[in-house]
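Me: I am new to this structure and would like a close look at a single part of the backbone, one that deserves a careful description. Please take me through it slowly, and then set it against the rest of the model.

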Amino acid sequence: MTELSFNVDHGYLEGLVRGLKAGILTRSDYHNLAQCDTLEDIKLHLQCTDYGKMLSSSEEDLTVSLVDSKLRENLVTEFSCLRSNALPPLSTFLDYITYSYMIDNVVMLITGALKQRDVAELLPRCHPLGAFDQMAAVGIARTPTELYSAILVDTPLAQFFQDAVSESNLDEMEAEILRNKLFKAYLESFHSFCKNMGGATKDIMCPVLEFEADRRAFIITVNSFGTDLSRADRIALYPSCGNLYPEGLRLLGRAEDHGQVKEVADCYPAYKIIFDDPEPGSGFKTLEDRFFEQEVKLNTLAFLQQFHFGVFYSYIKLKEQENRNIVWIAECVTQRQKSKIHNYIPIFQGTEQ
Amino acid sequence: MSSLLRGEEMCLAQLFLQSGSSYDCISELGELGLVEFRDLNPSVNAFQRKHVNEIKKCEEMERILGYLLREVKRADISLPEGDVNPVAPLPKHVMAIMEQLQRLEVELGEVTRNKEKLQRNLLELTEYTHMLRISRNFVQKSSEREPLQVQYEEFPFLEKDTMMDYSSMQRLGARLGFISGLVKRTKIGAFERMLWRVCKGYTILSYAEVDEYLDDPDTREPTKSVVFLISYWGDQIGQKVKKICDCYHCHVYPYPSSNEERNDVVEGLRTRIQDLHTVLHRTEDYLKQVLMKASESVYTWVLQVKKMKAIYYILNLCSFDVTNKCLIAEVWCPVDDIPTLRRALEEGSRKSGATVPSFVNRIPTNDTPPTLIKTNKLTSGFQNIVDAYGVGSYREVNPAPFTIITFPFLFAVMFGDLGHGVIMALFALWMVLYENNRKLKNTRNEIWNTFFEGRYIILLMGLFSIYTGLIYNDCFSKSLNIFGSGWNVSAMFRAEVWKNGDISGNRLLTLDPNVTGVFNGPYPLGIDPIWNLATNRLTFLNSYKMKMSVILGVIHMSFGVILSTYNHLHFRKKHNLYLVFLPELLFLLCLFGYLVFMIIYKWLVFTAKDSRHAPSILIHFINMFLMQGDAVQPLYPGQTGLQVFLVVIAVLSVPVLLLGKPVYLYWLRHGNHRPGLYRGYERVRRNSEEELYLMRAQDMEEGSSHSDLSTSGERQTEEFDFADELLHQAIHTIEYCLGCVSNTASYLRLWALSLAHAQLSEVLWAMVMRVALRMDTRLGVLFLVPVFGLFAVLTVTILLVMEGLSAFLHALRLHWVEFQNKFYSGTGVKFCPFAFSLLPSSFEQHGLL
C-alpha cells in the first residue's frame, strides 16, 4: 500500500537521485581516466562528465587533496539538496546516513585532542556530512561519560551511547573501542529502523546493513590480533544484526589468527569468496578492497526496485566509492604508479554503457 | 525550390590547410557556417590531441571571465550585451588578452580582499560597540542588586552552595573572570545548555539580543546576533568556557574591568569606525572603477574566447598530412557552396599572409551525407514540424513545402470559424510585424517562445480559418447573411402551402424546396445562412462535413502516394514504380477513390425533386464488397459490373504489392546474373561523384541495373536476403492495406473536431451572451459589460487556445501518420555546420555565471 502514496512525498527525490545516478562514471570514463598522464588531463576529462566545471573553477594549483575535497564538496552539495527537500520518514533515513560520519568525526576529534592537535586544524579534516554544532567541543571531554553527558547528549548520537558510557580515561584504544561500540549501536538502530519501514526499503536495506555489520565484525577481529583487546571485549563490539549472528559471531570471538577467521567465513558462501586466496594470475587485492567490491555489488542492486529509500543510501555509498576511485587514479597519476592504476573498483561494470 | 523539395546536394570535401593559416581559415569558415567537420582521429583521447594546451588556456581565460562577470554582477553594473560580433582573435593577440585578463584578476582580487578585510574589521568594531553598550546593562542590573549583598560583588546563589563557598574558592586562588562576546541568535540555546552542562553551573550567562541586523561576512546575509556575558570562577572552567565559545564560533571581545575603561574604549572605537568608513568608501569607489572598465570589454572577450575555443576544437578534429606541413580536414559541404568555401579559404590565407594557399578538394565517398534543407523564416516553422517526425533521408522528397499549405488548411477545416480565425490571424500578424523587437525575441519564457517561433504557422492557420469560416458561414457561431439567403419563406404562402394559421399552430415548419420560388438556387459562398435558424441544421452539416472529410482524406493520401514516385525515380528504383507505387495507387483509388466518386455523383445527380429516391452510399459501398447489387436500385447503369471490376483490381493489386518487388529482386540477383554487373562499380571507385551518376545511368540502359542502387552506393556490397526482403514487403503490404482503411477513417477527425468546435462556440453563445442579450430592462445594459468580458475570456482561452491546440495536434497527426507514411522515411541525419552563430549568445547560457 505504501507504494501508492510513495510518490506523493518522495517521488521527486527518488527521481532526482535516479537522475544523479545516471551521472556515475561508466567503464569508458574510467578507461579514459586511467590513460591520463597528469592531473590536468584528469580535470579535462572530468569536464565531459557530470562533474563539469567542478575542478576548473578554482584558482589554486591542482593537487590530489584539492580533487578529493572538491569531490567531497560535490557529494555534500548533492546530499544536502536531498536532505533539505526530504519529508519524514525519508528525512530520518537520510539523517541515519549522516550518523556514521558523525561517529567517525567524533572519534577523529578525540584522537586528535589526545595528540594535542589544535581543533582548528582538525575541523577541516572532518567529513562535512557528519558535521554538527558541538563538534569543536569534543576535545574537552576526558571520559566517555563526560563526552556523553556534556557534549553529545544534544546530538542525535546520544541514542547510541547506552553501552558506550564508561568512566575509563579516553586513550587511543578507548577511542577506537568507543567508535566500534557506537557503530554497533548505530547499525542495530538503523537496521531496526529499516525493518520497521517494511516493504521494499526493508528488502533492500537490510541485506546491505547486514553485510555492513558482518564486515565490521570481520574487520574488528582481524585488527584485534596482536593487540591487548580481550576476547570478551571483542565479542561485545560485534554488531548483532548481521548474517553472522549468533553462531558466526561466537566462532569469530574464538578466532586467534587469520586462518581461523577464514574458516568462519567459509561457512558463509557470500564471505567465502572474499576470503578466498586470489588466483595467482589475477592482481592482488586487499581484503578491504574486496569488501568494497562486494558492497558496490549490493548497492547497485538497490536501483532495480522502485518506491524505497535504499536508492538514497546506495547512491551516497556508490558516489563515495567513485570518489575513492578518482582519488586513487589521481594518486597513481601523480606518483607515476601506472601499474596500479587499474585497482579501482568499477561501479555498474558492464551493465550499462 | 528544388532545394526545398529535396534538400541540398552535399559532397565530401577535403580541406588542405597550411599549418600557418589554418587558424584563420577555420575562423573564416566559422563566421560563414558552411561546413560540417568530421572527426579524423576518433581513436585519440580528448587530452591527447594536438591543441589541448590552447584549449586549456581558453578555459583558464573563461574562468577569469566568469570571475569578472560574477564580480561585475555583484556590483550591480549593467553588462552591455551589444550587437558586437568580434572575430576570433589572432593567436598573437591572444597573449595580450590573456595578460590583460590576468592583470585584471590580480588587481580585482587584491581590491576585493582588501575590501573584505576592511568590512570584517568594521564588523568587529561594530560588534564590539554593541557588546559594550549592551553589556553595560548587565552590569547595571547587577549593581542595582549590589546593596543587598553586603561585601561581595559576586552572585547570591553561590553563597548557598555548601560545597564551595566563596571563601574556600578564594583560598584556592580562584578568581572571578568574565568572557563576553557575540553569538548567532540561533545558537544561543544550545550554547547555554552546553555551558551549563560542561561547567556544572559554575558560570553565569546573561545575554540580550542586538536589535540591528549585522551582515555575516561569510554568507553576506543579515543575521541577528546575541550579546552575552559569562562570569565564571577559576581558570580551569575559564579554559573550558573559551573552548565552548570557539566551538560555537562566538566572537569574543575583551571585557573592560571598569566604567572609565569602558568609556575610553567606546570613544576609541567610534573614531576608528569613522576612519574605516572613509577608507571603505574609497576602496569601493576604486573597485567600481575597475569593474566599470572591465565591464565595457567583457562581452567582446567572452565572444572572442568562445570562438577561439571552438576553432581549436575543430583543429583537433583535423589530421596532419605526411609532410606535416599542412592540416587535412574532411568536411560535408553543400555542392552549391563550394565556391564560397574556396573564397573563404583564400580570404583566410590572405589574412594570415601565407605563401602557399589552402585549397579544397572534392573526394568521392560511400557514406550517406547529412541532410541540409535551407529554410527561411516562413518555411523553418514547417520544416521543424516535419523534422520533429524525423529528419529526411539524404535527397528524399521533403514534405515541408506541401505542408505549408496542407497543414494550415487541415487545421482550418477543424477550426472553421471566421471570428476566431480573425483573432488568431491578427495575433500572429502582430508577432510578424514586431518580429525584430528584441524584447519579443530574446525572452526566456519557453511557452511564449513556442508561439513566437510558430508565428507564420499561426498566421497561415488564422487566414485559412477565415476562409473555412466563410465556407461554413460561422462567425462566433452566428451566420453572416452577405449575399441574401437563397430561400424564401413568403413563397410558401404565395403557393398556398402554408396558411396563416399554420404559423400560430405549429412550432416547427418545413420549407419545401420543390415549391416554386422557395429555393432560388444556392448561396454564392458556403452554407446558406438560413441553416443557422433551422433545427435540422446539425443533420445537414454532419452529412456535409463527413463527406468532405472523406474526400479531403482520400485526396491527401493519394497525393502522398504520388509523391513516392519522386523518390522512386530519384533513387533509380524504376521497378518500384510498377511493383509498389502502381498497386498502391490502384488499391487506394479503386476502393476509396470510388467512394469519393459515388459521393460526388450523388451530389450532382440527385436534386431536391428526386431526393426521396436517393440511395444510401453506405449500402452501395457495402454491397460492392459483397458483390450483390440486385437488392437495391443501381445509381447508374452498369454499376454492378464496374464495381466487380474495381474490387477485382483492388484485390489483385495486393499480391502484386506483396510479392512483386521481392521476386523481381530475386530474379535480378540470381536469374539475371551477368558479369558486367560489377564492372561499373569497380570503375566508379576510382572516379568522382559526378561520373558515378553517369555510370549508373549507363548501367540502367544496359539493363543490368543495380537493383537497390541508392546514392550511398553501399547497398551493392550488402548481401541480398530474399527472406528478409519478403518479410519487409509483407509488413509494408499489411500496413498499407490496413492503413488505407484506418487512415480514411482517421480523416473523419476533421468532421468530429469541426463539429465539436462549432457546437462549443454555439453553447458559449447560448449560455453566456444570449442570457445577457435577453434582459430587456435598463439594467441589462450594465449586465452586458461583465458578461461580454466573460464571453471574451472564455472565447480566447477555451475556443482559441484549447481548441486551437487540439486542432493543431490533430492536424499534426494527420500529416505525420496519414500523409508522411505514404512516402517519407525520415531516417536522415541533420547537417549541423560549424558556425559561430550557433554558439550560445547570452551570458547565462555561456555557463560562466
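Reply: A good part to begin with is B:Ser477, which sits in the loop of chain B between helix α16 (455–472) and helix α17 (490–494). The model is a predicted one, and what follows should be read with that in mind. The backbone at B:Ser477 takes a positive phi of about 75°, although this residue is not a glycine. Is B:Ser477 buried or exposed? Its relative accessible area is 2%, and because that value is under the 20% limit, B:Ser477 counts as buried.

A second residue of chain B invites a comparison, namely B:Arg572, which is likewise not a glycine and has a positive phi of about 55°. B:Arg572 is found in the loop between α19 and α20 of chain B, but its surroundings are described by another figure, since a relative accessible area of 34% makes B:Arg572 partly exposed. A further positive phi, of about 60°, belongs to B:Asp76, which comes just after helix α3 of chain B. That helix covers residues 52–74, and its 23 residues reach 33 Å from the first C-alpha to the last, close to the 33 Å expected at 1.5 Å a residue.

The two helices on either side of B:Arg572 also lead to the largest pocket, because α19 (537–570) and α20 (574–605) of chain B are the elements that give two or more residues to its lining. Of these, α19 of chain B gives the most, with 5 residues. The pocket holds about 1900 Å³ of space, and its lining is made up of 36 residues, with B:Trp487, B:Pro513, B:Trp531, B:Asn536 and B:Phe540 lying nearest the centre. Sorted by class, the lining has 21 nonpolar, 9 polar and 6 charged residues.

Residues placed in helices of chain B can be described in a similar way. B:Thr379 is in helix α11 of chain B, which runs over residues 379–389, and with a relative accessible area of 8% it is buried. Leaving aside residues up to four places away in sequence, B:Thr379 touches B:Leu4 and B:Ile404. B:Asn259, by contrast, belongs to helix α9 of chain B, residues 259–317, and counts as partly exposed at 48% relative accessibility. From B:Asn259 to B:Leu280 there are 21 residues in sequence and 31 Å in space, taken from C-alpha to C-alpha.

For the wider setting, chain B has 27 helices and 11 strands, and 47% of its 849 residues count as buried, a group to which B:Ser477 belongs. Among the contacts in chain B between residues at least 6 apart in sequence, 81% join residues at least 24 apart. The chain exposes about 45100 Å², with carbon and sulfur atoms supplying 59% of that area.

Chain A offers backbone details of another kind, in the form of cis peptide bonds. One of them runs from A:Pro88 to A:Pro89, with omega near 0°, and A:Pro89 is placed in the loop between α4 (64–85) and α5 (90–114) of chain A. Another runs from A:Tyr245 to A:Pro246, with omega near -5°, and A:Pro246 lies in the loop between α10 (231–237) and α11 (247–254) of chain A.

Terms used:
Residues are numbered from 1 along each chain as its sequence is written. Chains are lettered from A and ligands numbered from 1 in the order in which they are written. This is a predicted model: local features need pLDDT of at least 70, side-chain atom pairs count only at pLDDT 80 or more; totals for chains, interfaces and linings use all residues. Side-chain values use heavy atoms; hydrogens and water are left out. Helices (H or I, at least four residues) and strands (E, at least two) are DSSP runs, numbered from the N terminus. The expected span of a helix is 1.5 Å times one less than its number of residues. On a 1 Å grid over the protein atoms alone, a cavity is a set of points where a 1.4 Å probe fits but cannot get out, and a pocket is an open set with protein on both sides within 12 Å along at least five of seven lines; lining residues have an atom within 4 Å of a point. Grid points are joined across faces, edges and corners, and a volume is the space filled by probe spheres set on the points. Ala, Val, Leu, Ile, Met, Phe, Trp, Tyr, Cys and Pro count as nonpolar, Asp, Glu, Lys and Arg as charged, and the others, Gly among them, as polar. Buried means under 20% relative accessible area, exposed over 50%, partly exposed in between (1.4 Å probe, protein chains only). Contact means heavy atoms within 4.5 Å. Accessible areas come from the Shrake-Rupley method with a 1.4 Å probe; for residues, only the protein chains shown count as cover.
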